[in-house]
Amino acid sequence: MDEIGALREAFGGDEVPGQAAENRARAALHQRMSSKEQRVTSMSRKRFAITAGVVVAAAAAVAVTAVMVVRGGGGHAPVPDDAPTLNAPVAKGVLPFARPASAAEYLENAAWTAERKPWKDPRPDQFMYIETLELRNKPAYENEHPNDPIRTGMGENRKIQEWNSIDGQTRAGYKDGRLVVARRGQGGEYWDRIAWSTITSMTRPDKVPDAVPGPGSMGIELDAFIGQYVVPPNVQAAIFRHLAQAPGMTINPDAVNIDGRPAVGLGRIVEGYLSQELLFDQQTYQFIGERLVAVKDHVSHGDDGDRVSHRGDVYRQVIYSKMTIVDRPGDTR
Amino acid sequence: MDDVGEADLAVMTQPGAAQGQDAGADLVEQAKRVPERFTAVFDQHYRQIYAYAARRLGPDLAEDVASETFLVAFDRRHSYDSARAGVRPWLYGIASNLIARHARAETRRYKALAKAVGAQETGDHADAVAGRLDATAVRGRLAEALRRLPEPVRAVLLLVAWAGLSQQEVAAALDIPAGTARSRLHRARQEMRQALGAEIEVSE
């Protein structure tokens, strides 16, 4: 017997898969076949262009919202840059999935992970606490060049903590190292938050709108919404599943988070050259942040001159290090 | 919706009528137009891919690898070129790439197999002395030799030995020149021969 024969004999006969394993594999394949993503991959770019336009418009709406909130609340001033390590709780354990190969599959795994987080419905007087680490250019540079990407040697991590009551009436944040609590309407400060009842109604992918309706005509794009609100696990899962069905979702398997650790970026191309991505932990599928990165060289022509973007330029990178419900402003768990 | 011709249906409903690589390639071609046809590719090849992955990685990882092999293949069906490779080499190539991601787990598996046999060899000394080529002992030697092989070399050897691919098919599966496949196989076989020789020496 030669060595090939020995290899065949010594390791025994073929291992037969269990029926359950085979069924799971077949189901995964069928799911892939029926997923919207598969069906849109070969669709015309025209439809994508229209979608991208809508996304850009929605993103603009978010930007407007953010500006209103910051100016009105005044409670979001970053604390001194102490750049703590990422301490988001990460669910460990073996996920019941094969290593995913598509954005839709990643999002399904993220939904599965989200669904397993412990949760207790909050009271109206409790607060959503969100702690972010944001990578930004140093203030002096940022003031001069507000639209620039994060420059090498200029970037720094800023820790931002904010509290918003479930009923939307109270908000808090640090200003000059001091916790500032504001009530809506006091001192002429107003802000608008999406109603809790709207949030909790998004229990299934088909109940999730592309932009979460806010007060008046405002809508917040889903990608931004999930970073601005602490939502119940089933709602977060429904959002991920809704995004999984969105056309044009792509994977960037080589994204890194703010600590330089590997992450997976899932997102869409906007304006033809920017990838707007949600970041997930590569191992646990935990939602950890978002970023906006140029995926190809681009020149924007504006009234104030041309703006050149290079592939790899990062325009925004935020890690959500804590997202939880707490009893009062200042609480972090 | 694409039209489904009678000939297409014949392949779907009478798999026995479709033979060899051409039939498999036909199924992939059909799946480019009618995705559901890919189920037949799965039905024909899943168990083989699973068995191959299980031999290299054990049953747990094999389930993941086998499942993902077909997801990846489905996603890439439009780039499948039947002139370049048959369906089997194509699928084994995808599986090989996925298995390569678990190279550490694979070498750990061989190490464990070698160790387990090493312990048993002591107990079965009488058999060894009697000169019997004990399959378990041989497996230990081979496992140790497989552990030492670089993954790309091991992949070539095992695609021949365990998947039953020809050298040419291995080259197509791994997307490497035929000469490279040949030289890797030569090296791997030498290592295995050496391992077996050691076993015979012990037995003698």
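A:Asp176 is exposed, with 8 other C-beta atoms within 10 Å; a residue is exposed at 12 or fewer such neighbours, buried at 20 or more, and partly exposed in between, with C-beta atoms placed from the backbone. This is a predicted model in which local features need pLDDT of at least 70 and side-chain atom pairs count only at pLDDT 80 or more, while totals for chains, interfaces and linings use all residues. Residues are numbered from 1 along each chain as its sequence is written, and chains are lettered from A and ligands numbered from 1 in the order in which they are written.

A:Asp176 sits in the loop between strand E3 (170–175) and strand E4 (178–183) of chain A. Helices (H or I, at least four residues) and strands (E, at least two) are DSSP runs, numbered from the N terminus. Most residues other than glycine have a negative phi. A:Asp176, although not a glycine, has a positive phi of about 50°. Chain B offers a similar case to look at: B:Asp175, with phi near 60°. The table puts the two side by side.

| Residue | Phi | Loop between | C-beta neighbours inside 10 Å |
|---|---|---|---|
| A:Asp176 | about 50° | E3 (170–175) and E4 (178–183) of chain A | 8, exposed |
| B:Asp175 | near 60° | H10 (167–174) and H11 (178–203) of chain B | 11, exposed |

Now for chain B as a whole. Its secondary structure comes to eleven helices and zero strands. Of the 204 residues of chain B, 44% count as buried. Two residues are in contact if their C-beta atoms, placed from the backbone, lie within 7 Å. Among the contacts in chain B with a separation of 6 or more, 65% join residues 24 or more positions apart.

One helix pair deserves a visit. Two packed helices are described by the angle between their axes and the distance between the axes. Helix H4 (residues 59–75) and helix H5 (residues 87–100) of chain B pack at about 125°, with axes 9 Å apart. The axes are lines fitted to C-alpha atoms over the stretch in contact, and angles run from 0 to 180 degrees between N-to-C directions. That angle makes H4(B) oblique to H5(B); under 35 degrees counts as roughly parallel, over 145 as roughly antiparallel, 65 to 115 as roughly perpendicular and the rest as oblique. H4(B) contributes B:Val65, B:Glu68, B:Thr69, B:Val72 and B:Ala73, and H5(B) contributes B:Leu91, B:Ile94, B:Ala95, B:Leu98 and B:Ile99. By class, this contact has eight nonpolar, one polar and one charged residues. Here Ala, Val, Leu, Ile, Met, Phe, Trp, Tyr, Cys and Pro count as nonpolar, Asp, Glu, Lys and Arg as charged, and the others, Gly among them, as polar.

In the loop between H4 and H5 lies B:Gly86, which counts as partly exposed with 19 C-beta neighbours inside 10 Å. Its C-alpha atom is separated by 8.9 Å from that of B:Ala173, 87 residues apart along the chain.

H4(B) also matters for the view between chains. The contact takes 33 residues from chain B and 26 residues from chain A. On the chain B side, H4(B) gives the largest share, eleven residues. That side has 21 nonpolar, two polar and ten charged residues.

Finally, confidence. The model scores ipTM 0.80 and pTM 0.46. Chain B averages a pLDDT of 78, and 76% of the residues score at least 70; pLDDT is the predictor's confidence in each residue, from 0 to 100. Over residues 1–20 of chain B the pLDDT is below 50. Where pLDDT is low, the predicted coordinates should not be read in detail.
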